[in-house]
Amino acid sequence: MRTLILFAAIVLLPTSGAAEYLGDLSANPYNPNSLANPYGAGSPFAPNGLNNPFSPAGNPYSNHSATNPFATNPPKLFDGQGQYRGELSANPYRPDSLANPFGRY
């Protein structure tokens, strides 16, 4: 069994050819870049935050959302060295989705 541990994965959202940094996938509520920090990157008022239901990345109906199971362009995860680690998607059928129990990630 292969175990993968991501310490400071960076979530990126591709928008028209350019990538945008959304924050660190971390449980540390004191890190300002952590998605678990309600006053930093994890704020529900962040203009393009994953926890903001009105932003493109957090809207459940957006094509760029992690919570939309039908999104075709969900946020992507990269580790600290910049290597691609999968998609942050609620779709269990996308091959690179972290929600896919049979996927490679």
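Here are a few exercises on this predicted model, each with a worked solution.

**Exercise 1. The overall layout**

Work out how many helices and strands the protein has, and which pattern they follow along the sequence.

*Solution.* Start with the count: there are zero helices and four strands. Reading along the sequence then gives β-β-β-β. Next, look at the cover: 38% of the 105 residues count as buried. The protein exposes about 6400 Å², and carbon and sulfur atoms supply 62% of that area. Finally, take the contacts with a separation of 6 or more: residues 24 or more positions apart account for 20% of them.

**Exercise 2. Where to trust the model**

Find which element has the lowest mean pLDDT and which has the highest.

*Solution.* Get the overall figure first: the average pLDDT is 83, and 83% of the residues score at least 70. Now go element by element. Strand 1 (residues 9-15) comes out lowest with a mean of 50, while strand 4 comes out highest with 92. Then check the start of the chain: pLDDT is below 50 over residues 1-9, and this stretch has 13 contacts in the model beyond near neighbours in sequence.

**Exercise 3. The hairpin of strands 3 and 4**

Describe how strand 3 and strand 4 are joined, and what Gly 82 does between them.

*Solution.* Strand 3 covers residues 76-78, and strand 4 covers residues 84-87. The two run antiparallel and are joined by three bridges. For one residue of strand 3, Leu 77, the bridge partner in strand 4 is Gly 86. Five residues lie between the strands of this hairpin, and Gly 82 takes a positive phi near 90° there.

Now add the rings. Searching the whole structure turns up one aromatic pair. Phe 78 and Tyr 84 form it, with 5.7 Å centre to centre and 65° between the planes. The pair is classed as edge-to-face because that angle is over 60 degrees. As for cover, Tyr 84 is partly exposed, at a relative accessible area of 25%.

**Exercise 4. Ser 65 in its loop**

Decide whether Ser 65 is buried or exposed, and say which backbone oxygen its side chain reaches.

*Solution.* Place the residue first: Ser 65 sits in the loop between strand 2 (18-25) and strand 3 (76-78). Its relative accessible area is 0%, so Ser 65 is buried. The Ser 65 side chain reaches the backbone oxygen of Asn 59 at 2.7 Å. Leaving aside residues up to four places away in sequence, Ser 65 touches several others, including Pro 56, Ala 57, Gly 58 and Pro 60. Ala 71, Pro 74 and Pro 75 are also among the residues that Ser 65 touches.

Technical notes:
Residues numbered from 1 in each chain as written. Predicted model: local features only at pLDDT ≥ 70, side-chain atom pairs only at ≥ 80, totals over all residues. Heavy atoms only, no water. Phe/Tyr/Trp six-rings, centres within 6.5 Å; stacked < 30°, edge-to-face > 60°. Buried < 20%, exposed > 50% of the residue type's maximum accessible area, 1.4 Å probe, protein only. Polar contact = N/O pair within 3.5 Å; in protein donor to acceptor, adjacent residues only side chain to side chain. Contact = heavy atoms within 4.5 Å. Pairing = 2+ DSSP bridges. Areas by Shrake-Rupley, 256 points an atom, 1.4 Å probe, with all protein chains shown as cover. pLDDT = per-residue confidence, 0-100.
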